[in-house]
Each structure stands twice: as structure tokens, then as C-alpha cells.
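Got the viewer open? Load the model and we'll walk through it stop by stop.

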Amino acid sequence: MLEVELSGPIGPLIDSESSEAELPFTLTAEGVQHQIQVRLRGKSRLRVCSFPPLRLNFVASAVDDTIFEGQDKLKLVTHCRNSERYAQDARLEYAAYRIFNLITDIGYRVRPIQITYTDTSDGNIETIGSNFGFLIESRDELAARIGAEEAELE
């Protein structure tokens with residue numbers, strides 16, 4: 001499981017009234033810091049979750065020769081609320097994606113992570129927790145992969 005740290009203005013991000021507003025964050029994985037943009041995503045979870053799902057927007061050229069090479073926009077699924085039940089829900093959702101991947105090649109690929117959140121709002125640096133989560137490849141990555149696989153079959 002990949003261990004990552006997401007540092008940035010988490011409080012203002014979650015309190016944002018716009019799911020389109022992107023804020024600057026740092027994602028650290030395997031000792032490498034990636035400057036990314038993060039925004040809220042989702043529809044129903046955006047309304048019901050105290051910690052909604054996020055979209056991580058990488059600068060594609062900045063991730064060359066890293067574990068995120070070829071990535072652009074990844075969806076981050078994590079706990080919805082702070083309780084073991086919601087952490088378990090995230091693990092079950094991850095398992096559902098993995099099961100679907102066993103059945104077909106046209107499902108989204110997912111990567112499990114242990115993510116630590118550090119809020120840098122208001123000049124304070126506060127670790128607000130560590131949770132299981134997973135990253136989902138983008139629709140463009142899925143389409144490119146499926147297109148490449150179809151081309152191999154022809």
C-alpha cells in the first residue's frame with residue numbers, strides 16, 4: 001500500500017461552496033513532493049460527507065519518472081465521516097472496484113493508499129488524521145487504455 005501525505009488548506013477546501021475551485025496542495029509519496037491542485041468532487045457525497053471525495057490534478061510533465069508518471073487527474077476516495085464504519089465503507093468500495101477488474105478489463109483501475117492529511121490553513125500546520133483511501137484513474141486514462149487494448153486485439 002502506498003503511503004502518501006496531502007498537505008494544504010484542507011479547511012478552506014472542505015468549507016468551499018464551489019466544487020470547481022482548485023487550491024494548491026503538496027502530495028508527498030516515496031519521498032517526492034508533487035505540487036498539485038485539489039478540488040472537491042462528487043454529487044451526493046458532497047452534500048452528506050463531512051470529508052468529501054477529492055480530485056487531484058497533477059501537472060503531467062512534472063510526474064515523469066515518478067510513481068505517478070502518466071497521471072493527470074486522479075479521483076481520491078476516502079472516509080466520508082470520522083468513524084470506523086465510514087473507513088470500512090471505503091475499503092468495501094475499493095474491493096468492489098477490484099472485483100469488477102477481475103471480471104472485465106474495462107473497469108477503472110484503483111490504487112490503495114494510506115493517506116495522512118496535513119492542514120496548512122491560517123499559517124498553522126496540523127496533521128488531522130490518517131486514513132485508508134484509494135485513487136481512481138481518470139476517464140481519459142481508462143479510455144486510452146481500453147483503446148490501446150482494442151488496438152492490440154485487431
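Contact, on this tour, means heavy atoms within 4.5 Å. With that in hand, start with the whole protein chain: of its contacts with a separation of 6 or more, 53% are between residues 24 or more positions apart.

Some housekeeping before you click further. This is a predicted model, where local features need pLDDT of at least 70 and side-chain atom pairs count only at pLDDT 80 or more, while totals for chains, interfaces and linings use all residues. Residues are numbered from 1 along each chain as its sequence is written, and side-chain values use heavy atoms, with hydrogens and water left out.

**Stop 1: the cartoon view.** Switch to cartoon and trace the protein chain from the N terminus. You'll pass 4 helices and 7 strands, in the order β-α-β-β-α-β-β-α-β-β-α. Both come from DSSP runs numbered from the N terminus: helices are H or I with at least four residues, strands are E with at least two.

Now zoom out. Along the principal axes, the C-alpha trace spans about 55 × 35 × 30 Å. The radius of gyration is 16 Å, which agrees with the value near 15 Å for a compact globule of 154 residues. That radius is taken over C-alpha atoms, and the globule rule is 2.2 Å times the number of residues to the power 0.38.

**Stop 2: colour by burial.** Here 40% of the 154 residues count as buried. Buried is under 20% relative accessible area, exposed is over 50%, and partly exposed is in between (1.4 Å probe, protein chains only).

**Stop 3: select Pro 12.** You'll find Pro 12 in helix α1, residues 10-15. Is Pro 12 buried or partly exposed? Its relative accessibility is 42%, so Pro 12 counts as partly exposed. Show its surroundings: beyond neighbours within four places in sequence, Pro 12 is in contact with Leu 23 and Ser 121. For a distance check, pick Ser 83, which is 71 residues from Pro 12 in sequence and 22 Å away in space, C-alpha to C-alpha.

**Stop 4: select Cys 49 and Cys 80.** These two form a disulfide, with sulfur atoms 2.0 Å apart; the cut-off for such a pair of cysteine sulfur atoms is within 2.5 Å. Cys 49 sits in the loop between α2 (44-48) and β4 (54-57) and Cys 80 in the loop between β5 (73-78) and α3 (84-103), so the pair ties together parts 31 residues apart in sequence. Look along the S-S bond: at -105°, the link is left-handed. Cys 49 is buried at 10% relative accessible area, and Cys 80 is buried at 13%.
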